[in-house]
Amino acid sequence: MSEAKPVEKLVNALMLSAINQGASHIRVVPAPMTGFSSPGIFFWLDGAWTEEMSPAPELYIPIVRRLGVMIGVLPPRKGEPWFGNLTMMVGDDRSYYWAIAIDRGETLHALVELVDELAFKSKRQPRPPAPHPYRHG
């Protein structure tokens, strides 16, 4: 088995941190955009975006690309978001459902929705951040 690459370790650590903190969403923002005045990786916690980390600028694209690899998509063409999902086991008894959107506007960015698999199956998903770029209503 090969050793995980640093960006793979970083993305896995971010996902575990989101679970441990009770985040429902992760937003990778490589440049200022609507609702975000600065680049960073943000968690949706208790109804607000909270900055989790601000990686070096050269890491944003590899982070978003890694998320794309995890769901089996390549970066999309400008203005055409791509969606995918995966299930991640944490420990022996908890699995989480990840819905991931990769988008390219002026920059490549990602939105990750994290739902405990039991909540997902029972349709008790967390309330999405408003405004949510991919949901209406």
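**Group meeting talk: a chain with three helices and six strands**

Read along the sequence, the protein chain in front of you runs α-β-β-β-α-β-β-β-α, which amounts to three helices and six strands, where helices (H or I, at least four residues) and strands (E, at least two) are DSSP runs numbered from the N terminus. Please keep in mind that this is a predicted model, in which local features need pLDDT of at least 70 and side-chain atom pairs count only at pLDDT 80 or more, while totals for chains, interfaces and linings use all residues. Residues are numbered from 1 along each chain as its sequence is written, and side-chain values use heavy atoms, with hydrogens and water left out.

Let me begin with the chain as a whole. Of its 137 residues, 39% are buried, and by buried I mean under 20% relative accessible area, with exposed meaning over 50% and partly exposed in between, using a 1.4 Å probe and protein chains only. If we take the contacts (heavy atoms within 4.5 Å) with a separation of 6 or more, residues 24 or more positions apart account for 43% of them.

Next, the helices. How do helix H1 and helix H2 pack? Helix H1, residues 6–21, and helix H2, residues 60–71, pack at an angle of about 75° with their axes 10 Å apart, the axes being lines fitted to C-alpha atoms, for helices over the stretch in contact, and the angles running from 0 to 180 degrees between N-to-C directions. H1 and H2 are therefore roughly perpendicular to each other, since angles of 65 to 115 degrees count as such, under 35 as roughly parallel, over 145 as roughly antiparallel and the rest as oblique. On the H1 side the contact includes Val7, Leu10 and Met15, and on the H2 side it includes Ile63, Leu67 and Met70.

Now to Val29, which is found in strand E1, residues 25–29. Val29 has a relative accessible area of 0%, and is therefore buried. Among the residues that Val29 touches, not counting those up to four places away in sequence, are Phe36, Phe42 and Tyr60. Val29 and Leu111 are 82 residues apart in sequence, and 8.8 Å apart in space, C-alpha to C-alpha.

Two of those neighbours, Phe36 and Phe42, are both buried, and they form a tilted aromatic pair, 4.9 Å centre to centre with 50° between the planes. Rings of Phe, Tyr and Trp (its six-membered ring) pair if their centres lie within 6.5 Å, and planes under 30 degrees apart count as stacked, over 60 as edge-to-face and the rest as tilted. Ring pairs also link Phe36 and Phe42 with Trp44 and Trp49 into a cluster.
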